[in-house]
Amino acid sequence: MSSSAASGHHPIAEVAPLSLCAREPHVPADRLVAEMVPPPRFEAARFDTYIPDPNQPSQTEAVRVLSGFAAGLGGAHASGAGKRRWFQKKAAAPAGPRGIYLDGGYGVGKTHLLASLWHATPAAPEQKAFGTFVELTNLVGALGFQQTVRTLGGHRLLCIDEFELDDPGDTVLVSSLLSKLVGEGVALAATSNTLPGKLGEGRFAATDFMREIQGLSSHFKALRIDGEDYRHRGLPEAPAPYSEEQVTKAAYATDRASLDDFPHLLEHLSKVHPSRYGALTDDLGTVCLTDVTPVPDQSTALRLVVLADRLYDREVPVLASGVPFDRLFSEDMLNGGYRKKYFRAISRLTALARDAKGLVDA
């Protein structure tokens, strides 16, 4: 890796690209609440834009069930919140489970369906919340437990993407929070990751999810979604990594592009809380990385997974030199308890690399 590319200075142009390593974002609590909506990639997600695999009838069934669940959330808040005249009876809670758990492997469109549910629920945006498990735990850290309950307790729906079953402490914290919110009449929808030590990215995690959330399990209906990773269904292979010169040239020629040396970026990520990785990518149009190498350890790998998720959510193409993205994680990592996360990261980074292909001159 040349020092010129690492520092962002290169004779190709007078104006240097941006650098992720130069950013140290601070995210106020009110922004955390305001941003609890589907990410940019899923702003237009709707049930009718989800394309079920014709060979997987469970995908079509999922659209039907979730559409009905969303329709059932109309009308009064389940807790009876809101203004009622003195002679009116408290609104009855809707029949059936107040929670849906989307159970399926990576790349079957669970996040698309979760965002579609958010959009289809007949309530004002401020009465619905959508976020990842990490974003929810960070909200509790910023606001405190009781204030988080008060903030979300009047909502019609809370959607939690990528429920982290592999962190026992945070799982207990969020389960306690969800118990309070269910008591306030909030409907829930969630997807989750695999527990450590459980092999097979196609293994369904519903049993683990129901066990880990303990007393909440009776509130959830598991909705199984079979299928292969849609991000690569019928698409050409991702482009091979480019040369350092090609990546650097593209970074200088592309508006709002960042340019960083990959090992330096991994080191920088260790100094930024993962809850801020979304803010780290604010206003970026493209991420350019040189000298991509296999990640050295599991802590670093898990931080990279979070960054890959935020880049994917925001539809930020990734142009890279070095090793291909399917060689980022060691065989031990891909055969270990976090393998589902690593395969998801490979899948998403590969899709973003495909998006960046047009930035390099033929």
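The questions and answers below go through parts of a predicted model.

Biologist: Where is Phe329 found, and is Phe329 buried or exposed?
Modeller: Phe329 sits in the loop between β8 (318-322) and α13 (331-334). A residue counts as buried when its relative accessible area is under 20%. For Phe329 that area is 4%, so Phe329 is buried.

Biologist: Which residues does Phe329 touch, not counting those up to four places away in sequence?
Modeller: One of them is Ile346, which is 17 residues from Phe329 along the chain, with 8.8 Å between their C-alpha atoms. With neighbours up to four places away in sequence left out, the list is Val295, Ala301, Leu304, Leu334, Tyr342, Ala345 and Ile346.

Biologist: Why is β8 described as largely enclosed by the rest of the structure?
Modeller: The strand β8 has five residues. The description holds because the number of them that are buried is four.

Biologist: In which sense do β7 and β8 pair, parallel or antiparallel?
Modeller: Strand β7 covers residues 286-292, and four bridges link β7 with β8. Within these strands, Cys288 stands opposite Leu319 of β8. The sense of the pairing is parallel.

Biologist: What is the hand of the β-α-β crossover from β7 to β8?
Modeller: After β7 the chain passes through helix α12, residues 298-313, and then reaches β8. The hand of this crossover is right-handed.

Biologist: Which element gives the largest share of the lining of the largest pocket?
Modeller: The largest pocket holds about 500 Å³ of space, and its lining has 24 residues. Elements that each supply at least two of them are α5 (133-143), α12 and α14 (339-355). The largest share is seven residues, and it comes from α12.

Biologist: How many charged residues are in the lining of the largest pocket?
Modeller: Nearest the centre of this pocket lie Val134, Glu164, Pro274, Val306 and Lys341. By class, the lining has eight nonpolar and six polar residues, and the number of charged residues is ten.

Biologist: How many nonpolar residues line the second largest pocket?
Modeller: This pocket has a volume of about 430 Å³. It is lined by 27 residues, and those closest to its centre are Glu35, Met36, Val37, Glu135 and Arg314. Five of the lining residues are polar and nine are charged, while the number of nonpolar ones is 13.

Biologist: Which element gives the most to the lining of the second largest cavity?
Modeller: The search of the whole structure finds two cavities of 30 Å³ or more, and the second largest has about 70 Å³ of space. Among the residues lining it are Phe262, Val287, Leu304 and Leu349. The elements giving two or more residues are α10 (262-269), β7 and α12. With four residues, the most comes from α12.

Biologist: How many polar and charged residues does the lining of the second largest cavity have?
Modeller: The lining includes Leu265, Leu289, Ala308 and Phe325. Its class count gives ten nonpolar residues, and for both polar and charged residues the number is no residues.

Biologist: What is the phi of Asp283, and is Asp283 buried or exposed?
Modeller: Asp283 lies in the loop between α11 and β7. Although Asp283 is not a glycine, its phi is positive, at about 65 degrees. Exposed means over 50% relative accessible area. Asp283 has 63%, so Asp283 is exposed.

Biologist: How does Glu315 count by relative accessibility?
Modeller: Glu315 is in the loop between α12 and β8. Its phi is also positive, near 55 degrees, in a residue other than glycine. At 42% relative accessibility, Glu315 counts as partly exposed.

How values were computed: Residues numbered from 1 in each chain as written. Predicted model: local features only at pLDDT ≥ 70, side-chain atom pairs only at ≥ 80, totals over all residues. Heavy atoms only, no water. Buried < 20%, exposed > 50% of the residue type's maximum accessible area, 1.4 Å probe, protein only. Contact = heavy atoms within 4.5 Å. Pairing = 2+ DSSP bridges. Right-handed = clockwise from strand over helix to strand, strands pointing away. 1 Å grid on protein atoms, 1.4 Å probe; cavity = no way out; pocket = protein on both sides within 12 Å on 5 of 7 lines; lining within 4 Å. Points joined across faces, edges and corners; volume = space filled by probe spheres on them. Nonpolar A, V, L, I, M, F, W, Y, C, P; charged D, E, K, R; others polar.
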